[in-house]
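Hello,

Here is the structure I promised to pass on to you. Have a look at it first, and then read on for what turned up in it.

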Amino acid sequence: LKRLGGMHDGTAIPVERNSLDVKGSRPSGVTFTHQEIQAVTETDDAIINRVRAHTSQGTTLHIAANTELAEPLFLHRTQFGVDSAEFARTQIRVGNHAQATIVLENSGDTRIAEDVEIVVEPGAHLTLISLQEWGAATIHAARHHAVVDRTAGAERLRGRVPDSARRVCVESEVRRLRRHGRDPLRHLHALDVPARELRRGG
């Protein structure tokens with residue numbers, strides 16, 4: 001597909017749209033900012049390395065330590081474009097002993113290369129739901145990489161990609177911090193569920 005919309009072969013026009021935003025009000029203990037980002041993972045992915053070379057700025061979502069969100073926190077897209085490619089960086093951090101469910105709602109028509117890093121700190125638990133409901137003109141290449149403390153819990157629920165949006169490539173990887181030779185993925189559960197079963201909020 002023309003080297004994935006030019007994002008892989010370097011011919012795409014990169015822009016920073018900062019398209020991700022919180023849907024609705026922000027609960028206490030949640031901060032959402034656009035700022036300098038320091039990578040917490042390494043990658044040999046050509047697209048992600050282009051994103052990191054293009055910008056050191058990105059979106060940071062932080063759930064403060066000991067915060068327990070009673071309702072899911074929704075993130076959605078607010079800006080779009082198919083004549084250029086958004087090069088986006090996002091970091092999600094869940095503080096010590098915090099608990100949260102975060103829903104990434106992806107819809108509309110756009111071109112986007114996205115580096116998503118997730119850090120789950122000691123004693124915390126995160127459920128991450130990713131809905132891929134893009135339009136037919138979308139090309140989306142993303143890498144989701146989670147670093148999970150051995151005392152933390154994490155699970156990922158991924159909504160199915162609709163038939164009209166075949167050009168969606170999301171790579172997910174979880175690295176659990178190992179101690180005493182324990183299984184690094186012991187508490188990770190990845191499930192595929194229909195998007196309609198996950199939709200909530202307004």
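**Salt bridges across the chain**

Arg77 and Glu114 join their side chains in a salt bridge, with 2.7 Å from N to O. Arg77 belongs to strand β5 (residues 73-77) and Glu114 to strand β8, so this pair ties together parts of the chain that lie 37 residues apart in sequence. Both Arg77 and Glu114 are buried. Please keep in mind that this is a predicted model.

How many salt bridges does the structure hold? There are six of them. One of these pairs is Asp115 with Arg52, whose side chains meet at 2.8 Å, N to O. This pair, too, links distant parts of the chain: Asp115 sits in strand β8 (residues 111-120) and Arg52 in helix α2, 63 residues apart. Asp115 and Arg52 are both buried. The pair also belongs to a network of salt bridges that links Arg52, Asp115, Glu117 and Arg143.

Another salt bridge joins Lys23 to Glu105, with 3.1 Å between the closest N and O atoms. Here the partners are 82 residues apart: Lys23 is in the loop between β2 (20-22) and β3 (30-36), while Glu105 is in strand β7 (residues 99-108). Which side of the pair is buried, and which is partly exposed? Glu105 counts as buried, because its relative accessible area is 6% and the cut-off for buried is under 20%. Lys23, at 24% relative accessibility, counts as partly exposed.

**A charged residue without a salt bridge**

As a general point, side chains of opposite charge can pair when their charged atoms come close. Now look at Glu86, which lies in strand β6 (residues 85-94). Why does Glu86 have no salt bridge with Arg17, the nearest side chain of opposite charge? Arg17 is 4.2 Å away, whereas a salt bridge needs the nitrogen and the carboxyl oxygen within 4 Å, so the pair does not count as one. Glu86 is nevertheless buried. What its side chain does have is a polar contact with the side chain of Ser19, at 2.8 Å. Leaving out residues up to four places away in sequence, Glu86 touches Val15, Arg17, Asn18, Ser19, Arg111, Ile112 and Ala113.

**Helix α2 and the nonpolar cores**

Helix α2 takes in residues 46-54, and among these Ile47, Ile48, Val51 and Arg52 are buried. These four cover an arc of only 135 degrees around the axis, which puts them on the same side of α2. At the N-terminal end of the helix, Asp45 acts as a cap, with a side-chain oxygen 2.9 Å from the backbone nitrogen of Ile47.

The largest nonpolar core has 24 residues, and the members that touch the most others are Leu61, Ile63, Leu75, Ile102 and Ile118. There is also a second, separate core of nine residues, which includes Ala12, Ile47, Phe87 and Ile139. Back in the largest core, what does Leu61 contact beyond its neighbours within four places in sequence? Its contacts are Val30, Thr31, Phe32, Leu73, Leu75, Gln91, Ile92, Arg93 and Ile102.

**Some loop residues**

Most residues other than glycine have a negative phi. Asn18 has a positive phi of about 50 degrees although it is not a glycine. This residue is placed in the loop between β1 (14-15) and β2, and at 34% relative accessibility it counts as partly exposed. Asn66 also has a positive phi, of about 70 degrees, and is not a glycine either. Asn66 is found in the loop between β4 (57-63) and β5, and its 59% relative accessibility makes it count as exposed.

Thr151 is in the loop between β10 (139-148) and β11 (153-159). With a relative accessible area of 43%, Thr151 is partly exposed. Thr151 and Ala124 are 27 residues apart in sequence, and their C-alpha atoms are 7.7 Å apart in space. Apart from residues up to four places away in sequence, Thr151 touches Pro122 and Gly123.

**The chain as a whole**

The secondary structure comes to two helices and 13 strands. The protein has 202 residues, of which 46% count as buried. Of the contacts between residues at least 6 apart in sequence, 89% join residues at least 24 apart.

Happy browsing, and best wishes!

Note on methods
Residues numbered from 1 in each chain as written. Predicted model: local features only at pLDDT ≥ 70, side-chain atom pairs only at ≥ 80, totals over all residues. Heavy atoms only, no water. Buried < 20%, exposed > 50% of the residue type's maximum accessible area, 1.4 Å probe, protein only. Arc of directions from axis to C-beta. Polar contact = N/O pair within 3.5 Å; in protein donor to acceptor, adjacent residues only side chain to side chain. Core = buried A, V, L, I, M, F, W, Y, C linked by side-chain atoms within 4.5 Å. Contact = heavy atoms within 4.5 Å. Lys, Arg positive; Asp, Glu negative; His and termini not counted.
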